[in-house]
Structure formats: structure tokens, C-alpha cells
Amino acid sequence: MRTPVLRLIAVALLLTFAADTRAASAQERANPERSLCSVTVPVPPPPGRGGGAGAPAGGRRGAAPVIPAQPPRLVRITDDLYVVQNVNHTLAELGYFGGNSAIYLTNDGVVLVDSKSDREHDDLVGKIRSVSDKPVKYVVLTHNHGDHTGGAAKLQEKGATIVMSDDDREHLARAGQPMLVQLTYSGHGAIYLGGKEIRLTQYCGHTRGDTVVSFPGARAIAVGDLVAWPESIPQIVNYPDGGSWTDTLRTLDALVALDWEFLIPGHGPVMTKQEFQAHKTRFGAVVARARDLIKQGRSQEEVGATLQREFNWAPAGNLPGLMAEFR
Ligand SMILES: [Zn+2]
């Protein structure tokens with residue numbers, strides 16, 4: 001479906017650069033090493049990386065996908081904001097359907113945050129159609145992992161414009177999807193559609209270029225895998241894509257200070273501020289404990305076993321990076 005020219009003029013996507021201390025100078029901007037991240041942990045991607053909230057859709061490559069018993073469900077947050085979320089919060093659902101997708105309704109079209117998996121496309125579109133007859137105009141991808149980007153190509157074929165941070169687009173381009181993203185931003189961006197504002201802010205933590213999408217009119221934010229819960233979906237950082245626990249904790253501190261009532265995580269149910277506080281406290285404790293153990297010279301196996309025993313958190317794939325970050 002082609003957008004009429006006048007509509008295009010009425011729809012402004014403003015791409016601005018952050019004016020705060022993180023803003024890049026022209027020289028830094030020309031430098032591919034520019035980054036919002038405070039630390040860089042050099043960890044190569046493990047072969048066939050998978051497991052946890054950073055896994056690509058269908059993360060268990062080679063194995064036949066486990067078909068979950070129940071399809072994702074549509075959850076209403078406000079009259080104009082919905083989320084499509086998995087029912088039982090299992091890794092099998094994550095691999096099959098992908099992560100959460102937020103649906104924001106305006107009179108001039110729908111803005112989607114994350115696209116679930118390719119195979120979930122028809123069900124996702126059906127759920128959108130059940131609450132709006134307008135086309136999907138923009139799909140904002142919070143980051144570059146397959147469980148969030150897998151459905152984007154089919155939405156693009158139907159006329160949606162795919163938006164992502166410049167930094168995470170580079171990861172997609174390197175992974176062989178250079179043309180999936182059509183619009184990028186760095187620092188801050190915004191979409192104005194149907195009289196509503198959708199703000200984009202870049203953070204570092206799960207990856208180098210995580211996007212937090214704010215819907216001020218709905219008092220809600222969608223944060224991608226900067227937050228994953230409950231414990232059945234262990235939150236992880238993706239070191240090969242520039243993430244770190246140091247920056248994740250900084251970002252969680254920044255998010256709690258924002259004005260919102262509903263937080264849409266990358267995986268798991270919508271959170272209240274109280275639930276987010278508890279989650280942030282839990283991971284503050286996990287990381288503090290990990291740092292202490294690593295400084296004491298404990299082995300990766302000991303660190304993993306202790307975190308699993310004390311916090312029920314030890315996604316094995318995250319441990320080499322954790323050791324490198326705090327050694
Ligand atoms: Zn992820």
C-alpha cells in the first residue's frame with residue numbers, strides 16, 4: 001500500500017542528535033567507534049549462540065522447533081496501546097513466537113514496537129486487525145535480535161517503514177540484513193503520527209544501541225531486552241553486540257527515573273513501577289555478587305553455580321562475558 005504524498009508530509013519523522021554529554025561531536029560521529037556504552041567487553045560470539053532473552057528466534061538451530069501449546073495473547077494496556085505477549089513465558093515460546101510486540105494505535109496508522117518471529121506474522125496481523133483497521137506505518141525495532149526482528153520483513157512488504165538505532169542497524173547489516181532497516185536515528189528520535197508522539201531514545205546495555213520507545217500519551221515505555229522476566233526467561237546481556245551488565249544497570253537506573261506507569265519488557269508481562277524496582281534491585285544484587293566472586297578469583301563454574309543457587313540466574317552463555325567484564 002502506497003502512502004499519499006500529503007500524508008507523508010503530515011507525518012514527520014524527526015531525527016535529532018542528543019544534546020547532552022553523550023552527544024557525539026562531528027569528529028566522533030565520523031568515528032565508527034563512537035558509542036553510548038561506558039565499557040566494551042571483547043567477547044567473540046559463541047558458535048550457534050542461543051538460549052536466554054538474546055537468542056535469535058528458533059535459537060536451537062538444527063533442532064525441530066517445539067510448537068508451544070498456546071498462541072500469544074493480546075493484552076490491552078490503554079485504549080490505544082496493546083501488547084502481544086506469550087502466555088507461559090517459556091524459552092520454547094520465545095524461540096517459536098519471538099518476544100513481545102507493542103501495538104500503538106493512531107488515526108493515521110499503527111506503530112509497532114518489535115515484530116515477533118516471521119512465523120507469527122499472520123497471527124500478529126490478525127491481532128492488530130482486531131483493534132484497528134489502519135495500516136501498520138512504522139515498526140520500531142528495539143534491537144537486532146531475531147526474536148524481535150524476525151517478523152519485520154513481511155511487515156515491510158506490506159508497506160511499513162522499519163526504524164532502528166544506527167548502532168543496532170550495523171549489527172543487522174553485518175548479519176546479512178543491510179536493507180531491512182529504512183530509517184535510523186542516533187541518540188534521540190521521534191515519530192509524529194495521527195496527532196500523537198512516539199519518542200525514541202538510545203541506551204546501551206543489552207546491546208550497543210537499544211531503543212526505548214516512549215508513548216507519553218499512554219504513560220508507557222517499551223524497552224526491549226533491557227528488561228526480561230519472569231525468571232523462566234533469564235535476562236542476559238549480549239556481549240558480542242556491545243552489551244554489558246555495567247551499562248544495563250546504568251540504563252535501568254535511568255529508566256526508573258522516567259515518568260511512566262506501564263513498562264513493556266522484551267519478554268514477560270507488562271510491569272508496574274513497583275515490579276520494575278524489584279527487578280532492578282534483583283539484578284543489582286546478582287551483578288554485585290558476581291563482581292565480588294570474580295574479584296576473589298573464583299572460576300567461571302563456581303560463579304555460575306553460586307548465582308544459580310542464590311538467585312536462580314545462570315544462563316551459561318552469559319558467563320564468559322561476565323567473567324571478562326569484572327575480572
Ligand atoms: Zn535480545
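**Entry 1. Where H8 meets H9**

I began with the contacts between two helices: Trp245, Leu249, Leu252 and Val256 in H8 meet Phe276, Gln277, Lys280, Phe283, Gly284 and Val287 in H9. I note here that the model is a predicted one.

Next I looked up the geometry of this pair. The axes of H8 (residues 245-256) and H9 come within 11 Å, and they cross at roughly 155°. That makes H8 roughly antiparallel to H9. The crossing of H8 past H9 is left-handed.

**Entry 2. H8 alone**

I checked the length of H8. Its 12 residues should span 16 Å at 1.5 Å a residue, and the end C-alpha atoms are 16 Å apart, which agrees.

Then I asked which residues of H8 are buried. I found Trp245, Asp247, Thr248, Thr251, Leu252 and Leu255. Seen down the axis of H8, these buried residues fall within an arc of 155°, so they line one face of the helix. The helical repeat fits this kind of pattern: an α-helix has 3.6 residues a turn, so residues three or four places apart point the same way.

What do the buried residues of H8 pack against? I listed three strands, S10 (196-203), S11 (210-215) and S12 (220-228), along with the helices H9 and H11. Trp245 and Leu252 are on my list of buried residues, and both also appear among the H8 residues that meet H9.

**Entry 3. H10**

I moved on to H10, residues 300-311. H10 has 12 residues and reaches 16 Å from its first C-alpha to its last, close to the 16 Å expected at 1.5 Å a residue.

The buried residues of H10 are Val303, Gly304 and Leu307. They cover an arc of only 95° around the axis, which puts them on the same side of H10. I then looked at the face turned away from that buried side. There I found the exposed residues Glu301, Arg309 and Glu310.

I also looked just past the end of H10. Asn312 follows the helix, and its phi is positive, near 55°.

**Entry 4. Partners of H10**

Which helices do the buried residues of H10 pack against? They pack against H9 (273-295) and H11 (319-326).

I followed up the H11 side. H10 and H11 pack at an angle of about 110°, and their axes are 10 Å apart. That makes H10 roughly perpendicular to H11. In the contact list, Gln300, Val303 and Gly304 of H10 meet Leu319, Pro320 and Met323 of H11. Val303 and Gly304 are buried residues of H10.

H11 turns up twice in my notes: the buried residues of H8 pack against H11, and so do those of H10.

**Entry 5. H4**

I went back along the chain to H4 (residues 121-129), where Leu124, Lys127 and Ile128 are buried. Seen down the axis of H4, these residues fall within an arc of 100°, so they line one face of the helix. I noted the lysine in particular: Lys127 counts as buried. On the other side of H4, Asp122, Gly126 and Arg129 are exposed.

The partners of this buried face are strands. I wrote down S2 (73-78), S3 (81-85), S4 (101-106), S5 (109-113) and S6 (136-140).

**Entry 6. Whole protein**

I finished with the totals. The secondary structure comes to 11 helices and 13 strands. Of the 327 residues, 46% count as buried. Among contacts between residues at least 6 apart in sequence, 65% join residues at least 24 apart.

Notes. Residues are numbered from 1 along each chain as its sequence is written. This is a predicted model: local features need pLDDT of at least 70, side-chain atom pairs count only at pLDDT 80 or more; totals for chains, interfaces and linings use all residues. Helices (H or I, at least four residues) and strands (E, at least two) are DSSP runs, numbered from the N terminus. The expected span of a helix is 1.5 Å times one less than its number of residues. A residue is buried if 20 or more other C-beta atoms lie within 10 Å of its own, exposed if 12 or fewer, and partly exposed in between; C-beta atoms are placed from the backbone. The arc is that of the directions from the helix axis to the C-beta atoms. Two residues are in contact if their C-beta atoms, placed from the backbone, lie within 7 Å. Axes are lines fitted to C-alpha atoms, for helices over the stretch in contact, and angles run from 0 to 180 degrees between N-to-C directions. Angles under 35 degrees count as roughly parallel, over 145 as roughly antiparallel, 65 to 115 as roughly perpendicular and the rest as oblique. A crossing is left-handed if the near helix is turned anticlockwise from the far one by less than a right angle, and right-handed if clockwise.
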